[in-house]
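I set out to record what I looked up in this structure, entry by entry. The topics are the interface, the salt bridges and the enclosed or open spaces.

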Amino acid sequence: MEVFLQTLVAGVLKGGLYALIGLGMTLIMGVMGIINLAHGQMMMVAMYVTYVCFNYLGLDPYLILFISVPALFLLGVLVQRYTLNPLLKVESLLPENQVLMTVGVGMVLTEVARFIFTSNYVSVKTTYSDATFFLGGVSFSVALTIAFCFACALTGGMFWFLLKTDLGRSIRAVAQDAEAASLMGVNAERIRTLTMGLGAGLVAAAGNLLLPIYYLFPDIGGPFTRKAFVITILGGLGSTVGAILGGVTLGLAEAFGATYIGMEFEDMVGLVIFIAVLLFLPGGFKRLTKI
Amino acid sequence: MPSAKGETMLRVEGIDVFYGDVQVLWEVSFEVREGEILVLVGANGAGKSTTIKTISSLLTPSRGRILFQGQPVHTRRPFEVIDLGIAQVPEGRRLFPEMTVEENLLMGSLSPAAKPRRAESLEWVYELFPRVLERRKQAAGTLSGGEQQMVAIGRGLMARPKLLMFDEPSLGLSPLLTEHIFELVRKVNAEGLTVLLVEQNVHHTLAMCDRAYVLENGRIALTGSGDELMSNDHVREAYLGL
């Protein structure tokens, strides 16, 4: 029972971060209608920003959120404006071409990171990286718990923004009917650029929060792009509520897989669930939540 | 506030419009005068919706120009047209299906002129359409066709436009609902808005409009007051089946 609770806690905490990754991906999916295959690579860039700020400026990783998130927001905006928006202007190009472009962007980011930082593993070790506290016999990683709280706050803030502000509603409107939105006076191109920035900013926050308990090397982007993809499919493409459920599901699946099957099967369990959802619940949790 | 009818509000001057290589409109010219209900009738594929789309700048005329109160419309980008005071109730309603009715209405009032009057506009729309008020918390996609059309009209009104364009509002509605929607169009006009109505439903619209143009194969074929066109032999034969 204790092991079960322990695994549950670990899974939910990790799921919070995954939700953040998935939320960015699903926003981009909803508005642009494409899968951003540079999502994990953007997270990798954010992790290197965090690493540099921690190592050379000596800043606290959580303080660095105020640097890494805006930095990646800017990167997302630039990627959208200079690599994806030009593709949208050519009518004969299919949306698939934008997806290919994100693959290219991901490769460039990875290789630039390799060029600057080499392929060596690095990590950010803080005083609380390995610290834990106990609650009813279950141990909580301090870093992961803090990360989870940040993730909840950011997710809540994002929902408030999407539901209660004109800009947030405009993002949803463009996702649902871009032409009708433009008749309402919404500049859809600007909304797309903003959304890519927000998606990149969200995944930056996840990367930044993850770094104190993880490690970093240039190729870490690929696996996280895959995870983001799995989360988005689990949740239902373009569904924000679904992304959170998908994130937590993947976190739980990995945790239970690691505990009850074996560490090396962690990723496999996630992918098995992914395939099961595709087979038995195509459309993901969106089919159940309707949002 | 019934303004003096007669002053030209929107002037479409000899526009040619293409979809890719296919020409859809040939030298289409007409004008909408302040305070009136102007109807553009025509068969399926005559170019009615293309005309509306061109006024909304979703399509760009290759020749000719469109002026609204003296200001060029055709050089603007689609999202800038509403700022001039031109709003639209698009064909097929085009509501945001996963947003609530009220959110849809709020999306109508983004323009700088409409935003400060948002609360007041919302009240006005709910007063005009009590049915919409009942449904305000419901997702727009779950409404019936007639209710959706009311929300679409309400969303257009939220922009506080000078000109409201209706693109085939009766499409897909029962005869009874169609009657009701045209009643609403008249109501909107009585509130002081100028109306440009594009319709296939010739019989109804000619009876309710001030003036009308008949569009045939992308060209303006006839024009006149509603009554004049109703008694025109060609219109009677081709559109009214008399």
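My entries follow, beginning with the contact between the chains.

**Entry 1: the interface**

I note at the outset that the model is predicted. I looked up the contact between the two chains and found 18 residues of chain A in contact with 21 residues of chain B. The buried area between chain A and chain B is about 2000 Å². Carbon and sulfur atoms give 59% of that area. On the chain A side, I recorded A:Q176, A:L183 and A:M184 as the residues that lose the most area to chain B. Together these three account for 36% of what the chain A side buries.

**Entry 2: salt bridges across the interface**

How many salt bridges cross the interface of chain A and chain B? I found five by the rule. I examined the pair of B:R118 and A:D166, whose side chains meet at 2.8 Å, N to O. This pair crosses between chains, from helix α3 (residues 118–128) of chain B to helix α6 (residues 166–176) of chain A. Is B:R118 buried or exposed? B:R118 has a relative accessible area of 15%, so I entered B:R118 as buried. A:D166 stands at 17% relative accessibility and therefore also counts as buried, the cut-off being under 20%. I then found that A:D166 forms a salt bridge with B:K115 as well, with the closest N and O atoms 3.3 Å apart.

**Entry 3: salt bridges within the chains**

Over all chains the count comes to 28 salt bridges. In chain A, I looked at A:R114 and A:D219, whose closest N and O atoms are 2.9 Å apart. The pair links distant parts of the chain, 105 residues apart: A:R114 belongs to helix α4 (residues 95–117), and A:D219 to the loop between α8 and α9 (221–235). I entered A:R114 as partly exposed because its relative accessibility is 24%. A:D219 is likewise partly exposed, at 36%.

In chain B, I looked at B:R135 and B:E147, which form a salt bridge with the closest N and O atoms 3.0 Å apart. B:R135 lies in the loop between α4 (130–134) and α5 (145–158), and B:E147 in helix α5, 12 residues apart. B:E147 is buried, with a relative accessible area of 7%, whereas B:R135 counts as partly exposed at 26%.

I also recorded a network of salt bridges that links A:K14, A:K227, A:E254, A:E266 and A:D267.

**Entry 4: the cavity**

I found one cavity of 30 Å³ or more. About 50 Å³ of space lies in the largest cavity. Which residues line the largest cavity? I listed A:L183 from chain A, and B:S56, B:P78, B:V81, B:I82, B:I86, B:A87, B:Q88 and B:M165 from chain B. A:L183 had already appeared in my interface entry, among the chain A residues that lose the most area to chain B. Strand β6 (residues 86–89) of chain B gives the most to this lining, with three residues. The lining divides into seven nonpolar, two polar and no charged residues.

**Entry 5: the second largest pocket**

I turned next to the second largest pocket, which holds about 690 Å³ of space. Its lining comprises 20 residues, with A:L88, A:E91, A:E189, A:R192 and B:P78 nearest its centre. The elements that give two or more residues to this lining are α3 (65–89), α7 (178–183) and α8 (188–210) of chain A. I recorded nine nonpolar, four polar and seven charged residues in the lining of this pocket. B:P78 is also part of the lining of the largest cavity.

Technical notes:
Residues are numbered from 1 along each chain as its sequence is written. Chains are lettered from A and ligands numbered from 1 in the order in which they are written. This is a predicted model: local features need pLDDT of at least 70, side-chain atom pairs count only at pLDDT 80 or more; totals for chains, interfaces and linings use all residues. Side-chain values use heavy atoms; hydrogens and water are left out. On a 1 Å grid over the protein atoms alone, a cavity is a set of points where a 1.4 Å probe fits but cannot get out, and a pocket is an open set with protein on both sides within 12 Å along at least five of seven lines; lining residues have an atom within 4 Å of a point. Grid points are joined across faces, edges and corners, and a volume is the space filled by probe spheres set on the points. Helices (H or I, at least four residues) and strands (E, at least two) are DSSP runs, numbered from the N terminus. Ala, Val, Leu, Ile, Met, Phe, Trp, Tyr, Cys and Pro count as nonpolar, Asp, Glu, Lys and Arg as charged, and the others, Gly among them, as polar. A salt bridge is a side-chain nitrogen of Lys or Arg within 4 Å of a carboxyl oxygen of Asp or Glu. Buried means under 20% relative accessible area, exposed over 50%, partly exposed in between (1.4 Å probe, protein chains only). Contact means heavy atoms within 4.5 Å. Buried area is the accessible area (1.4 Å probe) that two parts lose on being put together, summed over both.
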